[in-house]
Amino acid sequence: MPTFRARPTSSTSDPVDARRIHIPVARAMVDCGIYVDGERLPGKYTHLAALQKVRDIECSEHKTFVWIGLHEPDEHQMQSVAEVFGLHPLAVEDAVHAHQRPKLERYDDTLFLVLKTVNYVPHDSVAQAREIVETGEIMVFVGPDFVVTVRHGDHTGLAGVRHAMEADQKQMALGPYSVMHAIADHVVDSYRSVTALMECDIDTIEEDAFSTRNTDIAQIYMLKREVVEMRRAIAPLSVALQRLSDHKDLISKEILRYFRDVVDHQNQAADQISSYDEMLSSLVQAELAKVGMQQNTDMRKISAWVAIAAVPTAIAGIYGMNFEHMPELQWTWGYPTVLLVMFTVCSLLYRTFRRNHWL
């Protein structure tokens with residue numbers, strides 16, 4: 001956060017601490033809607049006015065709740081919302097600082113659900129990509145008459161989910177937990193979309209690994225790192241979603257039926273990511289084996305050429321000892337004969353190594 005300084009009124013004035021300057025909640029609030037029997041009331045409200053309006057309407061027979069969306073609020077903004085809706089301090093701290101694992105917590109009559117979001121980063125090829133998957137977080141507070149969503153990340157927008165819910169008045173009329181289901185379903189559907197897109201990258205790497213081309217093993221490690229990040233985002237959510245059935249006093253049977261479908265889709269995505277992880281581990285082993293085979297081939301070639309070069313080296317070394325009594329020193333054709341012997345032996349060795357695929 002930038003440092004704000006007060007305009008000096010005297011030579012002894014001190015700078016103002018930026019942490020004492022509180023930014024209004026409205027700066028972090030993306031949307032605030034009041035819903036009566038599934039239909040949104042017109043007008044704009046603050047979080048305090050919206051809850052007061054809902055509590056006034058609750059005196060009648062209408063089913064009402066407020067849905068507030070926040071994007072990366074600071075501590076003061078989140079605390080202001082928490083005081084109005086009675087949110088637990090531990091959950092508020094998690095919502096501000098983020099970097100949480102997917103989980104479900106209950107505080108009295110309020111459920112707190114943490115979802116990790118994923119987004120596929122478009123790229124021309126794996127070799128040129130620095131990142132394939134980026135992650136974010138969505139925290140959902142659900143009470144009897146409110147839903148508070150806190151988002152972290154630029155790709156975690158819920159405007160599409162809100163518009164879809166507002167278009168389906170029957171679904172929205174089921175209450176705040178129908179909103180939680182819609183958000184969870186949206187996040188899990190994004191898991192399946194991203195895993196499908198990642199499959200193309202993994203297929204490309206797999207094709208390169210088992211071709212004659214040399215594959216940069218760093219690309220496989222980069223993909224495996226992204227898959228591990230996906231697994232950390234997806235796998236823990238299974239436990240959180242399954243724990244929803246333990247809160248039947250808060251969630252209706254109809255909503256729990258919808259959540260069972262979300263759990264099924266989430267398990268499919270988790271299984272797919274696990275298979276990707278195993279496949280990439282196999283590709284790493286295959287690439288290492290490929291490198292080992294290439295090194296063995298290179299060593300055989302080097303050994304073959306060393307053996308061929310050893311023949312003329314040995315003969316030349318013998319005749320270079322300069323002894324007086326050596327074979328053929330006085331013979332006119334001795335020198336050409338030695339050269340011919342060297343060439344013949346080297347040719348035979350070369351032919352033998354070629355036949356055995358050493359060269």
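This is a short dialogue on reading a few features of a predicted model.

Trainee: Happy to start with the overall layout. Into which domains is the protein chain divided?

Mentor: Domain 1 takes in residues 25–287, and domain 2 runs over 291–356. Taken over C-alpha atoms, the centres of domain 1 and domain 2 are separated by 72 Å.

Trainee: Now a single strand, please. Is strand β6 largely enclosed or exposed?

Mentor: A good habit is to look at burial residue by residue, where buried means under 20% relative accessible area. In strand β6 (residues 133–143), nine of the eleven residues are buried, so the strand is largely enclosed by the rest of the structure.

Trainee: And how does β6 pair with strand β5?

Mentor: For pairing, look at the sense and at the bridges. Strand β5 (residues 110–120) pairs with β6 in the antiparallel sense, over ten bridges. You can find Val-118 opposite Thr-135 in β6.

Trainee: What do β6 and β7 form?

Mentor: A hairpin, with two residues between the strands. Strand β7 (residues 146–152) and β6 are antiparallel too, paired over seven bridges. Gly-143 stands opposite Phe-146 in β7.

Trainee: Which residues does the "transmembrane region" annotation cover?

Mentor: Treat an annotation as a record, then look at the model beside it. The unreviewed UniProt entry places "transmembrane region" on residues 302–321 and 333–353. In the model, residues 302–321 are 90% helix and 0% strand, with end C-alpha atoms 28 Å apart. Residues 333–353 are 95% helix and 0% strand, and their end C-alpha atoms lie 30 Å apart.

Technical notes
Residues are numbered from 1 along each chain as its sequence is written. This is a predicted model: local features need pLDDT of at least 70, side-chain atom pairs count only at pLDDT 80 or more; totals for chains, interfaces and linings use all residues. Side-chain values use heavy atoms; hydrogens and water are left out. UniProt positions are given in the numbering used here, feature names are shortened, and annotations may be inferred rather than shown by experiment. Helices (H or I, at least four residues) and strands (E, at least two) are DSSP runs, numbered from the N terminus. Buried means under 20% relative accessible area, exposed over 50%, partly exposed in between (1.4 Å probe, protein chains only). Two strands pair if DSSP finds at least two bridges between them. Domain bounds come from an automatic or database domain assignment.
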